[in-house]
Amino acid sequence: MATQQPKSQSRFDRGVKTVLVGLSSNVILAALKIITGILGNSYALLADGIESTLDIFSSVVVLGGIKISSKPADENHPYGHGKAESLAAMTVSLVLLMAGVGIAVKSVLEIMQPHHTPAFFTLTILIGVIIVKESLFRYLFSVGESVDSLSLKTEAWHHRSDALTSTAAFIGISIAIIGGKGYERADDWAALAASGIIIFNGFNMLRHAVKEIMDYAPNPETEETIRSIAGRVPGVSAIEKCRVRKSGLNLFVDIHVEVDGQMQVHQAHAIAHDVKDALMKASLGIADVLVHIEPAKRS
């Protein structure tokens, strides 16, 4: 419907703008953490910087997924390109998992090798990183919730993971500095603990991405709202079935409505259009509605 396009485009534009904010932040923070980690003898901070470098890649993937999913339907993709957004979320989740495993392996190797105590100035860098990353998480997750974008919420968790690894690094470096000789490895143990958090979040986001690709039904509240809107349309006796699936930032609805069995075809057809119009005008992010007319069951 023509009335729905501006709303969808606005949501896509907001998603793209949000990803660009995170992308530019990751470039600056990744360089800062890697340089500080090398100069300050902190593997936890260096590992944190490597994870932020992967965040740059994930931001690019999410940006591409959102842009592709915003393309209109065509002859080869009659239901649009929304699954690109779910595929982007899956890719980012896999990258997050690989990053977590890589950091864990490297942390174990570092624990087995003696090295210098991290420098004190690394702590001041980490404080700033934690504040920025937690702020980015809250911003991206809020936008992801408002536009119902799994890839944005996955990207938000990337920032939360970064904040958590930075927090772990802060604790590890603090222990290493305060404890002095014999506590140098606390920095590496912190990196190992952070890798577990990264792996957990990566698996959780991957699970949600797979659900979307498999056309997992949205929450029951969404279906109930759709049933309620359709049921209030004049001429509708009842709602027999309602199936909802998510594709990208949009929903596709397949609904069976019951009308008077003695009604003429053109009247029933008009009611079907009224049901579709009512659902498309609702602020639910619905891209298309297929209405099937059923004769109402007689009591």
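**Exercise 1. Which residues of helix 4 are buried?**

Solution. First, the ground rules. The model is predicted: local features need pLDDT of at least 70, side-chain atom pairs count only at pLDDT 80 or more, and totals for chains, interfaces and linings use all residues. Residues are numbered from 1 along each chain as its sequence is written, and side-chain values use heavy atoms, with hydrogens and water left out.

Step 1. Fix the terms. Helices (H or I, at least four residues) and strands (E, at least two) are DSSP runs, numbered from the N terminus. Buried means under 20% relative accessible area, exposed over 50%, and partly exposed in between (1.4 Å probe, protein chains only).

Step 2. Find the helix. Helix 4 covers residues 121–147, which is 27 residues.

Step 3. List the buried positions. They are Thr122, Leu123, Leu126, Val129, Lys133, Glu134, Leu136, Phe137, Leu140, Val143, Gly144 and Val147.

Step 4. Relate this to helix geometry. An α-helix has 3.6 residues a turn, so residues three or four places apart point the same way.

**Exercise 2. Compare the span of helix 4 with the expected span, then look just past its end.**

Solution. Step 1. The expected span is 1.5 Å times one less than the number of residues. For helix 4 that gives 39 Å.

Step 2. From first C-alpha to last, helix 4 reaches 40 Å, close to the expected value.

Step 3. Move just after helix 4. There Asp148 takes a positive phi of about 55 degrees.

**Exercise 3. Describe the surroundings of Asn26.**

Solution. Step 1. Place the residue. Asn26 sits in helix 1 (residues 5–39).

Step 2. Check its exposure. Asn26 has a relative accessible area of 0%, so it is buried.

Step 3. Find its contacts (heavy atoms within 4.5 Å). Leaving out residues up to four places away in sequence, Asn26 touches Ser52, Asp55, Ile56, Ser59, Lys133, Glu155 and His159. Of these, Lys133 is also among the buried residues of helix 4.

**Exercise 4. Work out how the sheet is built.**

Solution. Step 1. Count and order the strands. Three strands form an open sheet in the order 1-2-3, with mixed pairing. Strand 1 and strand 3 (286–295) are the edges, each pairing on one side only. Two strands pair if DSSP finds at least two bridges between them.

Step 2. Take the pairs in turn. Strand 1 (residues 238–247) and strand 2 (residues 250–259) are antiparallel, over nine bridges. In this pair, Arg245 stands opposite Phe252. Strand 2 and strand 3 run parallel, also joined by nine bridges. Here Glu258 has Glu294 as its bridge partner.

Step 3. Inspect the turn. The hairpin of strand 1 and strand 2 has two residues between the strands, and Gly248 takes a positive phi near 70 degrees.

Step 4. Add the helix. Helix 8 (residues 265–281) lies across strand 2 and strand 3, at about 150 degrees to strand 3. Axes are lines fitted to C-alpha atoms, for helices over the stretch in contact, and angles run from 0 to 180 degrees between N-to-C directions.

**Exercise 5. Which elements supply the largest nonpolar core?**

Solution. Step 1. A nonpolar core is a set of buried Ala, Val, Leu, Ile, Met, Phe, Trp, Tyr and Cys residues joined through side-chain atoms within 4.5 Å.

Step 2. The largest core has 23 residues, and Ile226, Val253, Ile255, Val275, Ile286 and Val289 touch the most other members. Helix 7 (220–231), strand 1, strand 2, helix 8 and strand 3 each supply at least two residues. Helix 8 gives the largest share, six residues.

Step 3. Note the second core. Another core of 11 residues lies apart, including Val16, Val19, Val62 and Ile66.

**Exercise 6. Examine three salt bridges by distance, place and exposure.**

Solution. Step 1. A salt bridge is a side-chain nitrogen of Lys or Arg within 4 Å of a carboxyl oxygen of Asp or Glu. By this rule there are five.

Step 2. Glu134 and Arg160 meet at 2.7 Å, N to O. Glu134 is in helix 4 and Arg160 in helix 5 (residues 150–179), 26 residues apart. Glu134 is buried, at 19% relative accessible area.

Step 3. Arg227 and Glu223 meet at 3.2 Å, N to O. Both lie in helix 7, four residues apart, about one turn of the helix. Arg227 is partly exposed at 23%, and so is Glu223 at 29%.

Step 4. Asp288 and Lys276 meet at 3.2 Å, N to O. Asp288 lies in strand 3 and Lys276 in helix 8, so the pair ties together parts 12 residues apart in sequence.
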